Each structure stands twice: as structure tokens, then as C-alpha cells.
Amino acid sequence: MTTARIVSLTELGNADVIQLIDKELPAPSKGEVQLRQTAIGFNFIDVYQRSGMYPLDLPTGLGHEAVGVVQAIGEGVTRFSIGDRVVYMNAGIGAYASARNVAADKLVSVPDSVSDEIAATVFFKAMTAQYLVQKTYPVKSGDVVLVHAAAGGVGQILAGWAKSLGAFVVGTVGSEAKFSAAKEAGCDAVVDYSKPDWVDAVLKATGGRKANVVYDSVAKTTFLGSLDCAAPFGTVALFGAASGPAPEIQPEILNKKGCLFLTRPSVFPHNATPELLQENARAVFDAIAQGRVKVQIGARFSLEQAAEAHKAAESRKIVGAIVIAP
């Protein structure tokens, strides 16, 4: 029996509720494989769940995304062999662990050209960007695209992917210190959304053109401005809430601002079946190979430093993605 180091929560709250414990890991059950995890991805949803914004049943683990090497195979698993490198992002809460049993139909093989660290850092975020640019609003050449939090993990990927498709990309950031990261990610122009005139700055950057699509993961402090930045019949995709939940609005406001389309999509329904997961993962790895998806790792932490990783993310001082080493 394997002993795993795992993050466990017995209460929800600030980062100090994170505990690291040892747990005996049984052999994989039917349809499962056992992984020795090599890299763990951090996503802001981890903060939402740990804090109680998106409550979890207790006790609970944390984390959605990791890369690992197959160590043991349960009955009925034929698609993987011992030694295979795999990644997952929706195998149930508990990715913050040194080893784990995972349902085989939640796993995707990692191409040899992609390192464990990059796969763990990029997979969940790139799968998010994939449905946003290919399904929620299929970005095309000549579009104006507004990406909030463009210096963050998802934001950098979104900006770069949209730019590679021929869009004019405006990115917003929360401070001038993040301008260079957003520009390097592919933004044609960068605006500080913490300033009161940020909507005017977006329109100035586009020469007065409003956005065909606004990708908003900030919500509370940006949402109403996002509606003002969208072109008639444009799409506002609210896919996160880094600053808190978006203000409630009456549907009529969408009419008055140009017959806008407002959606609240999520990565999990877009990958609800093994077939969808494999199809979308192929699109992501193809985009990586084509250079459409790039990632900047902003900070590295050990599993023992998981609480510090959360504090760093909440401080908004990290530029780029965070990766955790088991």
C-alpha cells in the first residue's frame, strides 16, 4: 500500500486552513490507475473552494489538475500502461497530493514534446481558453477581443490564442506592473482596469471599435464596464469571479446596450464525457504545437507550501501561472 502526502481541509476559510497529512492509498479499483504525481497545477478556483465562495463538503482535498506517471493499473484499464505520463483536470477534488488513484477515463496522455511542469501548469487553463475561443465565441481574424486579467494564467493563454487567430486583442490588468506580461502574451494594447476611466481607455486603444467578445474572469469590479465595451450583438463571457461575484442586472440592460449575448460558461460541462475530453485535449495540444498556446510560470511552490501558494495568488502579485511540486 502506498503512503501519499495530501492536502486536507477540515474547515473552509483563509489559506491557513490548509493542512498536509499522510494517507494510505489502496490499490486502484476497477477502471482506475494509480499515479505518482510529478507536477500539480494551481487554479484560482482552488481559492474559491478553499475560502467557501464555492463551498465543498468537508473534509475535503483541494485541486483539480496534475500530471503523473502511471504506477499501477486497476481491472479493466486497457488504454494506459505502467510508466505512461498522463494529465487530468476533472477527476474530482484532490489533486494536491503526491500520489492518487484516478479514473482512467479522466486521463489524457501527455505528448513527449510537453514537459510535466508545462502540462500541469497549462492544461486546465488551456482547456478553459479552448472552449472560450473555439466554442463560446469562435474568434476569427479581424475581431476585437477584450481579455480581462490578461497577465494571469488563463488570461495570457486567451490573449495569445486570440491574437494567433488574427484578432486585435486588448488586455486589462490590475496594475501597471503587469503591463509587460500582458503585452508579451500577445495583447495589442493593455489597460489598467483599476483606474476609473478604463472603459474609455479600451475604446481609445481600439480606435472606438467595441469588442466582438469580452472574456471576463474578474467580475465584480469589471462586469458593468464589460457590458459597455461590447459591440452590438457582441458576447460577454463571464467565466470567473476573481474580485467577487458580478453585480446582478436586469435582462433589459442587455437590450439597451446593443442586444448583447451574456453567458456564464464553465470548463467542466464542455468536457463532460471522455470523448469530449479527448477531443478538446487534442485541440489544446495541437495549439501548443502550433505555438498558439504559451505559458509563463510565475512562481513555483512545494506541496508543503500550498498555503503560501494561495496567499501569493490572492495578493495578485504573481505574474503568470503557479505550479506546485509534490
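Begin by selecting Pro26 and Gln34: the backbone oxygen of Pro26 lies 3.0 Å from a polar atom of the Gln34 side chain. The model on screen is a predicted one.

**Around Gln34**

Keep Gln34 selected and display strand E3, residues 32-41, to which Gln34 belongs. Is Gln34 buried or exposed? Its relative accessibility is 8%, and because buried means under 20%, Gln34 counts as buried.

Next, show the residues that Gln34 touches, leaving aside those up to four places away in sequence. Among them are Thr2, the run Leu25, Pro26, Ala27 and Pro28, and also Val69, Val70, Gln71 and Ala72. Arg100 and Asn101 belong to the list of contacts of Gln34 as well.

For a contrast, select Glu11 and draw a C-alpha to C-alpha distance to Gln34: the two residues are 23 positions apart in sequence and 27 Å apart in space.

**The nonpolar cores**

Now move to Val145 and Tyr215. These two residues have the most contacts inside the largest nonpolar core, which has 75 residues. Select helix H2, residues 116-136, to see the element that gives the most to this core, with eleven residues. Colouring by domain is useful here, as the core draws at least three residues from each of domain 1 (2-122 + 271-324) and domain 2 (137-263).

Centre the view on Tyr215. Which residues does Tyr215 touch, not counting residues up to four places away in sequence? They are Leu132, Val133, Tyr137, Val139, Val145, Leu146, Val147, His148, Leu158, Ala237 and Phe239.

Then select Val70, Val102, Ala299 and Ile324, which are included in a second, separate core of 32 residues. Val70 has already appeared on this tour, as one of the residues touched by Gln34.

**The annotated span**

Select residues 13-324. The UniProt annotation "domain: Enoyl reductase (ER)", from an unreviewed entry, covers this span. Its end C-alpha atoms lie 20 Å apart, and the span is 30% helix and 25% strand.

**The whole chain**

Finally, zoom out to the full protein chain, which has nine helices and 15 strands. Along its principal axes, the C-alpha trace spans about 65 × 40 × 35 Å. The radius of gyration is 20 Å, which agrees with the value near 20 Å that a compact globule of 326 residues would have. Colour by burial, and 53% of the 326 residues are buried. Of the contacts in the chain with a separation of 6 or more, 68% are between residues 24 or more positions apart.

Notes: Residues numbered from 1 in each chain as written. Predicted model: local features only at pLDDT ≥ 70, side-chain atom pairs only at ≥ 80, totals over all residues. Heavy atoms only, no water. Core = buried A, V, L, I, M, F, W, Y, C linked by side-chain atoms within 4.5 Å. Buried < 20%, exposed > 50% of the residue type's maximum accessible area, 1.4 Å probe, protein only. Helix = DSSP H or I, 4+ residues; strand = E, 2+ residues; numbered from the N terminus. Domains from an automatic or database assignment. Contact = heavy atoms within 4.5 Å. Polar contact = N/O pair within 3.5 Å; in protein donor to acceptor, adjacent residues only side chain to side chain. UniProt positions renumbered as here; feature names shortened; annotations may be inferred. Rg over C-alpha atoms; globule rule 2.2 N^0.38 Å.
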